Amino acid sequence: MVHALNEIRRVLIPDGILIDIRPLMDRWQVEVTSMREIRQTGRVQDFPVGLADDEAANRAIVQASENGWFSRDRQEFFSYSYSWDTPAEMEEWIDTEWEDFVALEEETKQATRSAWALGDADARVRLQVKMLIARWNVLKDR
Amino acid sequence: MTIQNDPERNESKHLHTLADFRNKRVLEVGCGEGRLTWQYAKEAQLTVGIDTDTDALRVAEVDRASDLEHKVLFTAAASEYLPFSKETFDIAVLAWSL
């Protein structure tokens, strides 16, 4: 990762910027939503590999900063939501696409299924992913 | 399966808050199928998306609008060995890839 950041620095102009945008493991919130209400039904379970990936990425960008390659200019956090028609669709997605990183505990599955079944006709299931976006200024001699 | 991603467009809003892509040469690292690329590519002068997933790159090329053919390019490459000369780009975007 650190080598990649040095490569990116090489191909950027002296006034160039690097945008780092990525999800952060943070026990993402599970919700059942409709036009009328939002019901929080639990959080996903983070697996160690995802947490380790976040730590490795953070270490790499800190190392690049300490090496004098980039200077952080601005950082923000925001939510990126995924939503599905049914709890079953969300469960299938997590089991097939994110099985290495997160899981749903049985209690959260049951709470989500119940809230959805008892919810409004337009009820959907939503996952709120925590996102980081940071702008780094490249540092190099002109 | 019906899935909606970021219907509030928070990602695009924050991206444009932190970067002005107008007339810039942009390198997107980890572009995948181009989901993020399409949120700014029309404004940029040139966008090059790289990824090691060639299947995803094929999807990105198929999805590329005809008016972007000459200003959005995709190529298979790893971020550790970028096949570009020094100081080629104004902006680099690490797209969910650090």
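## Lys140 of chain A

Let's start with Lys140(A), which sits in the segment after β6 of chain A. Keep in mind as you look around that this is a predicted model. Is Lys140(A) buried or exposed? With a relative accessibility of 19%, Lys140(A) counts as buried, because the cut-off for that label is under 20%.

What does the side chain of Lys140(A) reach? One partner is the backbone oxygen of Leu12(A), at 2.6 Å. Another is the backbone oxygen of Arg9(A), which lies 2.8 Å from a polar atom of the Lys140(A) side chain. Both Arg9(A) and Leu12(A) also turn up among the contacts of Lys140(A), if you skip its neighbours within four places in sequence. The other residues on that list are Arg10(A), Pro14(A) and, from chain B, Glu87(B).

## The nonpolar cores

Here's a handy background idea: in soluble globular proteins, nonpolar side chains tend to be buried together. In this model, the largest nonpolar core has 33 residues. Want to find it on screen? Look for the residues with the most contacts inside it: Ile19(A), Trp28(A), Trp98(A) and Leu127(A) in chain A, plus Phe21(B), Ile91(B) and Val93(B) in chain B. Chain A gives two or more residues to this core from each of β1 (12-33), β4 (70-84), α3 (87-97) and β6 (124-138), and chain B does so from α1 (10-18) and β5 (89-95). Which element gives the largest share? That's β1(A), with six residues.

Ile19(A) is a nice one to click on. Leaving out neighbours within four places in sequence, Ile19(A) is in contact with Ile133(A), Ala134(A) and Arg135(A) from chain A. From chain B, the contacts of Ile19(A) are Leu15(B), Leu18(B), Ala19(B), Ile91(B), Ala92(B), Val93(B) and Leu94(B). Apart from this core there is another one, made of 25 residues, including Leu12(A), Ala60(A), Ile61(A) and Ala134(A).

## A cavity in the model

How many cavities of 30 Å³ or more does a search of the whole structure find? The search turns up one. The largest cavity holds about 40 Å³ of space.

You can trace its lining through Val32(A), Thr33(A), Ser34(A), Glu37(A), Arg39(A), Ala115(A), Gly119(A), Asp120(A) and Ala123(A). It's an even split, too: three of the lining residues are nonpolar, three are polar and three are charged.

## Gly49 of chain B

Now hop over to Gly49(B), in strand β3 (residues 46-51) of chain B. Gly49(B) counts as buried because its relative accessibility is 0%. Who does Gly49(B) touch, and which residues are they? Not counting residues up to four places away in sequence, they are Glu28(B), Cys31(B), Leu57(B), Leu73(B), Phe74(B) and Thr75(B).

For a sense of scale, try Gly49(B) and Ile3(B): they are 46 residues apart along the chain, and their C-alpha atoms are separated by 25 Å.

## Two positive phi angles

Finally, check out two loop residues in chain B. Asp6(B), in the loop between β1 (3-5) and α1, isn't a glycine, yet it has a positive phi of about 45 degrees. Asn23(B), in the loop between α1 and β2 (25-29), is also a residue other than glycine with a positive phi, near 60 degrees.

Are these two buried or exposed? Asp6(B) counts as buried because its relative accessibility is 6%, whereas Asn23(B), at 58%, counts as exposed.

Methods
Residues are numbered from 1 along each chain as its sequence is written. Chains are lettered from A and ligands numbered from 1 in the order in which they are written. This is a predicted model: local features need pLDDT of at least 70, side-chain atom pairs count only at pLDDT 80 or more; totals for chains, interfaces and linings use all residues. Side-chain values use heavy atoms; hydrogens and water are left out. A nonpolar core is a set of buried Ala, Val, Leu, Ile, Met, Phe, Trp, Tyr and Cys residues joined through side-chain atoms within 4.5 Å. Buried means under 20% relative accessible area, exposed over 50%, partly exposed in between (1.4 Å probe, protein chains only). Helices (H or I, at least four residues) and strands (E, at least two) are DSSP runs, numbered from the N terminus. Contact means heavy atoms within 4.5 Å. On a 1 Å grid over the protein atoms alone, a cavity is a set of points where a 1.4 Å probe fits but cannot get out, and a pocket is an open set with protein on both sides within 12 Å along at least five of seven lines; lining residues have an atom within 4 Å of a point. Grid points are joined across faces, edges and corners, and a volume is the space filled by probe spheres set on the points. Ala, Val, Leu, Ile, Met, Phe, Trp, Tyr, Cys and Pro count as nonpolar, Asp, Glu, Lys and Arg as charged, and the others, Gly among them, as polar. A polar contact is a pair of N or O atoms within 3.5 Å; within protein, one must be able to donate a hydrogen and the other to accept it, and residues adjacent in sequence count only if both atoms are side-chain atoms.
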